[in-house]
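Good morning, and thank you for joining. Please turn to the sequence and the model as they come up, and we shall go through selected contacts together.

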Amino acid sequence: MKKGVVLAVLLAGVLGGSVGAANPFSDVSSSDWAYQAVSELSDEGIVDGYPDGTFRGQKNVTRYELAQIVARLMAKEDEYSTSQRAIIEKLAYALADELDTMGVRVSTLESRIGNVLWSGDARMRMMQGYDREGKKDSAFDGRMRIRAHAEVNDSTYVEGRLRTDMDFMHTGEDDNSTDTYMDNLYVRHTFGDSTSLKLGKFDKFSGQTGLFYDGQVRGLEASYMANDNLQFTVGYGRFKDWENVDVTYGRISGDNGSIAYNVEYYQGNGHYTANSVLGSEVVDVINNIFLEPYGENLDGDKARNINDMARIWGAGLTLRADEDFAVFGDFYQNIGSDMKKISERKPVIWTAGLTYGHTDLEEPGSSRLSAQYVSAEAGAYFKGTTLDTSDILDKTITLWALLNPDIMTGKINFWLTKGDIVLSKNVNLHGEYAFHISAKDEDDHRDNLASVSLQYTF
């Protein structure tokens, strides 16, 4: 096909037929039918001519020359609309061999089918936790997630994530060792450059560290970004790890590269009875351990407002000295009135620490190490921490622990170190070690816990 014809087609399909560029070639006059296409694509840096300043539009274009043009279009893909990107992708598939010879490989194109981008991750993990007697126990599990990101139009996309969990320690056919489910499915609309709305089931990460919550929410969330230093988020939904309690939440945050901050508030909604949420057995334990010694009693059938049990505010801060060194912290407090029955003061959970290094999945050998101190009181944390060593919190200060009064405590403190190293491209080794774990008082020490996982991204 003649070069001039090819360029006219590209102009109409990709650049949309804009006008106004100057003529860069001596053999293309303003009266030539391909003048506009040649001039515009040259002005965009998509095509160039020969060293003598000519274009030679009557010469047949080679596949290699066309591949050069497509490679330049791919470099500018973010500037084009969804329909224009689709044209570029079709050309890229057709010229895949030539592009590969040129060393041009774009992973987003290789994994895209139509307007759907596929990606995912997998994890193999060994972690330690506590059994019902509070003794150290080990688990070995795996997880794989497949993510589909589908562009609907320039302002809307749908994203879903299929997840499979497997317990390698219990592999019998009837022991529910494998579970496959859709853990994310939501649609996101944008309105202009600053406002967005999500609807469905999506990820929710709290604070700077995810200590307080890192899980899924079923509901809706609206965000407005004034600039990098100021973003507002409000939402309403059911928090999966909080037994699907309805929660209204808000967040103010910002991150300019040197300083990242957040201020958050979570308000539980609706009514509950202690028996319906906890079960009569747990209510009896609460009465026997916490209330009756003080002359009080929890009526398991009485309806109560959830907002009296879950009213939590929090704040977090990260200060980066440079690309490698940073200090960070998170603080959350439950100011619900019912918390007075569990703690003498309104319970808190907080962490502070520092990190050194950084990881880049494209850079094998890059690494990061962090150390932090964690303190948590019963009633400030419900469940859903990002930590692999989650049993320290889940099985000492949450409702699970109420069934096991021998290891139940009103407070837990520990030190935590975390490390990451990129072993090869898209393969990360992650480790956590929690130590000097003390509960109730400094003489009550728990077993140290460790975890190690191989994480794969594709």
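Which backbone nitrogen does the side chain of Asn-334 reach? That of Gly-336, at 3.0 Å; the same kind of polar contact is defined as a pair of N or O atoms within 3.5 Å, where within protein one must be able to donate a hydrogen and the other to accept it, and residues adjacent in sequence count only if both atoms are side-chain atoms.

This is a predicted model, in which local features need pLDDT of at least 70 and side-chain atom pairs count only at pLDDT 80 or more, while totals for chains, interfaces and linings use all residues. Residues are numbered from 1 along each chain as its sequence is written, and side-chain values use heavy atoms, with hydrogens and water left out.

The side chain of Asn-334 also reaches the backbone oxygen of Gly-379, at 2.8 Å. Asn-334 has 0% relative accessibility and therefore counts as buried (under 20% relative accessible area, with a 1.4 Å probe and protein chains only).

I turn now to the aromatic residues. Phe-239 and Tyr-266 have ring centres 6.0 Å apart and planes at 90°, so the pair is edge-to-face (centres within 6.5 Å, planes over 60 degrees apart, for rings of Phe, Tyr and Trp, the last by its six-membered ring). Phe-239 is buried at 0% relative accessibility, and Tyr-266 is buried at 1%. Both residues belong to one aromatic cluster, whose members include Trp-242 and Phe-382.

Methods
Buried means under 20% relative accessible area, exposed over 50%, partly exposed in between (1.4 Å probe, protein chains only). Rings of Phe, Tyr and Trp (its six-membered ring) pair if their centres lie within 6.5 Å; planes under 30 degrees apart count as stacked, over 60 as edge-to-face and the rest as tilted.
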